[in-house]
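Work through the exercises below with the sequence and the 3D view open. Try each task before reading its solution.

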2 protein chains.
Amino acid sequence: MELLKEAILTRGKVLGEDILKVDTFLNHQIDCELTIEMGKEFAKYFGDKGITRVLTLEVSGIPAAFTTALELGVPMVYAKKIESKNLSEDVYTADVHSFTKGKAYNIRVDKRFIEKGDRVLIIDDFLAKGQALGGLIDLCKQAGAEVGGLGIVIEKAFQNGRDRYVEEGYDIYSLARIEKFEDGRVVFK
Amino acid sequence: MELLKEAILTRGKVLGEDILKVDTFLNHQIDCELTIEMGKEFAKYFGDKGITRVLTLEVSGIPAAFTTALELGVPMVYAKKIESKNLSEDVYTADVHSFTKGKAYNIRVDKRFIEKGDRVLIIDDFLAKGQALGGLIDLCKQAGAEVGGLGIVIEKAFQNGRDRYVEEGYDIYSLARIEKFEDGRVVFK
């Protein structure tokens, strides 16, 4: 998606070996028009997959998941990773190992919001090693729902998170795929 | 806002004395069309206030803040309350006392995303005692930005969170104001 690549090049910032900071438009301050275009792009790609719900993980997946669900005309659901006293006990849960944090955390979704018969489109803002994606797929499996696709805003392709999902037969689509960082600049695949 | 009141009555659930569960459409599963209507309603009310940014607090304020900012054609910013390794050191911070959790937590926003000269519309999903709102106003003050208005999706009017902001001269607008819960049902003001 050219608009997104341009935003990454002009408004993103490479920090060190493997961090891309995009808080100017993706995960702290949000460029709403750009996010609408992301939703249209995901909806165009996954529009014929019979998607019934869009699932993401709080927090930074929410805007792009919202615009995708809006475009597809289906509800958006965000799995929780933060303690919440209002969450019911009747939830599916999965553990996600975070390499950056060096520990596992727990994600949860209310059983009413992913159901047998659903075809779920999973959206996330970043794909690195693919751990969060694995947790979200796990929640869908527990619910007896089908995963209709995996949509990623920015894929750090050099971390190979995509490979196992391709092997398992999932349809995965990234709006921007980064091959590498070179001298503090982003090189797209 | 009639559509929202109808959603609260038909899809919300009163728990105990003072909890309204609206996870079917507002803060776990999201009704995207309804959220778009919320944004339009806020934009209609605050449209002539010269708003330059919409500010909310992660997580559940994000969808309504997004649609409002989209409608107003300005960026949306969410203050962080969760630990984030990607957040810079150069932030404004405020402490928010949570009555439900019985403790204070810290909220933060990068200094690049609220600036002197900004007119900020603050959006949140719930107003109870108004503590979170106070923290967000505090961040704006530190930045030297003006608060152009306070927009609330659901106000529990019986908790009087509105009063001090009205006294301080803020323009506060709630899409649905709840007078009380009676026999497990919502009574609007």
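The exercises that follow deal with a predicted model.

**Exercise 1. The contact between the chains**

Task: Describe the contact between chain A and chain B by residues, buried area and class.

Solution.
- Step 1: Count the residues. Chain A gives 40 residues to the contact, and chain B gives 40 residues.
- Step 2: Take the area. The two chains bury about 3300 Å² between them, with 64% of it on carbon and sulfur atoms. On the side of chain A, A:H28, A:Q29 and A:F66 lose the most area to chain B. Together they make up 22% of what that side buries.
- Step 3: Count the polar links. Between chain A and chain B there are 14 residue pairs in polar contact, both residues at pLDDT 80 or more.
- Step 4: Find the elements. In chain A, β2 (19-21), β3 (29-30), α2 (32-46), α3 (62-72), β5 (76-79) and β7 (103-110) each supply at least two residues of the side that touches chain B. The largest share is that of α3(A), with six residues.
- Step 5: Sort by class. The side of chain A that touches chain B holds 20 nonpolar, 10 polar and 10 charged residues.

**Exercise 2. Salt bridges**

Task: How many salt bridges join chain A and chain B, and how many does the structure hold over all chains?

Solution.
- Step 1: Recall the principle. Side chains of opposite charge can pair when their charged atoms come close.
- Step 2: Apply the cut-off. A Lys or Arg side-chain nitrogen must lie within 4 Å of a carboxyl oxygen of Asp or Glu.
- Step 3: Count across the contact. Two salt bridges run between chain A and chain B. A salt bridge joins the side chains of A:D23 and B:R112, at 2.6 Å from N to O.
- Step 4: Count over all chains. The total is 30 salt bridges.
- Step 5: Look at a pair inside chain A. The side chains of A:D90 and A:K111 form a salt bridge at 3.7 Å, N to O. This pair links distant parts of the chain, 21 residues apart. A:D90 sits in the loop between β5 and β6 (91-98) of chain A, and A:K111 in the loop between β7 and β8 (119-127) of chain A.

**Exercise 3. Sheets with strands from both chains**

Task: Which strands stand at the edges of the sheet that runs from β11(A) to β3(B)?

Solution.
- Step 1: Write the order. Seven strands form an open sheet: β11(A)-β10(A)-β9(A)-β8(A)-β4(A)-β5(A)-β3(B), with mixed pairing.
- Step 2: Read off the edges. They are β11 (185-188) of chain A and β3 of chain B; each has a single partner strand, so one side of each is left without a neighbour in the sheet.
- Step 3: Check the link between chains. β5(A) pairs with β3 (residues 29-30) of chain B in the antiparallel sense, over two bridges. A:V77 has B:Q29 as its bridge partner in β3(B).
- Step 4: Go to the sheet with β3(A). Its order is β3(A)-β5(B)-β4(B)-β8(B)-β9(B)-β10(B)-β11(B), an open sheet of seven strands with mixed pairing.
- Step 5: Inspect a pair within that sheet. β4 (residues 53-57) and β8 (residues 119-127) of chain B run parallel, joined by three bridges. B:L55 has B:I122 as its bridge partner in β8(B).
- Step 6: Add a helix. α3 (residues 62-72) of chain B lies across β3 of chain A and β4, β5 (76-79), β8 and β9 (146-156) of chain B, at about 180° to β4(B).

**Exercise 4. Helix packing and a hairpin**

Task: At what angle do α1(A) and α2(A) pack, and which residue of the hairpin of β6(A) and β7(A) takes a positive phi?

Solution.
- Step 1: Take the geometry. α1(A) and α2(A) pack at about 140°, with axes 10 Å apart.
- Step 2: Name the residues. A:L3, A:L4, A:A7 and A:R11 of α1(A) meet A:L34, A:E37 and A:M38 of α2(A).
- Step 3: Sort them. The contact has five nonpolar, no polar and two charged residues.
- Step 4: Move to the hairpin. β6(A) and β7(A) pair in the antiparallel sense over eight bridges. A:Y92 stands opposite A:V109 in β7(A).
- Step 5: Find the turn. Four residues lie between the strands, and A:G102 takes a positive phi near 65°.

Terms used: Residues are numbered from 1 along each chain as its sequence is written. Chains are lettered from A and ligands numbered from 1 in the order in which they are written. This is a predicted model: local features need pLDDT of at least 70, side-chain atom pairs count only at pLDDT 80 or more; totals for chains, interfaces and linings use all residues. Side-chain values use heavy atoms; hydrogens and water are left out. Contact means heavy atoms within 4.5 Å. Buried area is the accessible area (1.4 Å probe) that two parts lose on being put together, summed over both. A polar contact is a pair of N or O atoms within 3.5 Å; within protein, one must be able to donate a hydrogen and the other to accept it, and residues adjacent in sequence count only if both atoms are side-chain atoms. Ala, Val, Leu, Ile, Met, Phe, Trp, Tyr, Cys and Pro count as nonpolar, Asp, Glu, Lys and Arg as charged, and the others, Gly among them, as polar. Two strands pair if DSSP finds at least two bridges between them. Axes are lines fitted to C-alpha atoms, for helices over the stretch in contact, and angles run from 0 to 180 degrees between N-to-C directions.
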